[in-house]
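Me: Please take a close look at a single helix here, from its end to its packing. Then add how a pair of other helices meets, for contrast.

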Amino acid sequence: MRALNTFFFLFLASAAQGEGVVPMRLKVLTFNVAGGAAGAYGFTQPMNVERTAAIIRDSGADFVALQEVDKNIGRYGNPRRDTSAVLAEAAGYPFEHFGKAVSIGGGDYGNALLSKTKPAGLKTVRLPGTGEARVFIDARYTMAGGKTLSVCATHLCHASSASRLAQVEGIIAHYAANPADRVIIAGDLNAAYDSPELTRLNEVFGCLTPEPEKATYLGGGKAIDHVYVFPKSGTWGLVVGTGGEAVSGRRGAPEGEPPASDHLALIVTLQSL
């Protein structure tokens, strides 16, 4: 009977995963892996896939938003590979989606989302703005409590505050037209918490970035990687540990090793209320 019960619960867990059901308490990681940047601030190219995958795997994140993802480009000494698929396999994530922003060098460049749970729907949405094309991934799930969830993985313009503001407006407009009960935005937003563009985002979404002014980018000590949620109040909480500490923070390479990227990985543990 015990073996039968074990099988039954394993079957339910497998069925839930297949249906795209995610827990009420979950962990989100956003990490700009610097596929589109030459070595700087102590990190070197080519990418060390094993070290980058270890940071992702050790985070235990349910959802992983990746930026600067190369697909079959082969620059900076890297082979022509499907980087997000390789990282997903190495870090143990069964579901991976690449969102193309631009074509370059015979391949593609953009964002990616890794998840432990199969999404019910996936869409790559283009954002407005000048300069380098930008996109976000809208992945849809059902939460254990029955609420619909969208995970938005994005990377906003690095060169223009006006373009970032237009892109924030694009994200807000998208969710006004395509609503979900709960939304998580994770990515390199290339903007500080008190910037005009994130002030606008804060009118609709709530910031759950722990210590949002603490640096995530090694170039100039900027805090530009963030996690935002919708609704902005009363429906999400930042989870803390038994000692009162936040089960969130920034992660880099182990002490004594060079950085894995010019960004730190940002990990946020949150609870849907």
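Reply: Ser 160 caps the N-terminal end of H4, with a side-chain oxygen 3.3 Å from the backbone nitrogen of Ala 162. This is a predicted model, in which local features need pLDDT of at least 70 and side-chain atom pairs count only at pLDDT 80 or more, while totals for chains, interfaces and linings use all residues. Residues are numbered from 1 along each chain as its sequence is written, and side-chain values use heavy atoms, leaving out hydrogens and water.

Helix H4 (a DSSP run of H or I, at least four residues, numbered from the N terminus) covers residues 161-177. Its 17 residues should span 24 Å at 1.5 Å a residue, and the end C-alpha atoms are 24 Å apart, which agrees. The expected span is 1.5 Å times one less than the number of residues.

The buried residues of H4 (under 20% relative accessible area, 1.4 Å probe, protein chains only) are Ser 163, Arg 164, Gln 167, Val 168, Gly 170, Ile 171, Ile 172, His 174 and Tyr 175. They pack (heavy atoms within 4.5 Å) against strands S6 (121-127), S7 (134-143), S8 (148-155) and S9 (182-188), and against helix H5 (196-201).

Elsewhere, helix H2 (residues 49-59) packs on helix H3 (residues 83-91) at about 60°, with their axes 9 Å apart. The two are therefore oblique to each other, a class left for angles that are not under 35, over 145 or 65 to 115 degrees. H2 contributes Val 49, Thr 52, Ala 53, Ile 56 and Arg 57 to the contact, and H3 contributes Val 86, Leu 87, Ala 90 and Ala 91.

Notes: Buried means under 20% relative accessible area, exposed over 50%, partly exposed in between (1.4 Å probe, protein chains only). A polar contact is a pair of N or O atoms within 3.5 Å; within protein, one must be able to donate a hydrogen and the other to accept it, and residues adjacent in sequence count only if both atoms are side-chain atoms. Axes are lines fitted to C-alpha atoms, for helices over the stretch in contact, and angles run from 0 to 180 degrees between N-to-C directions.
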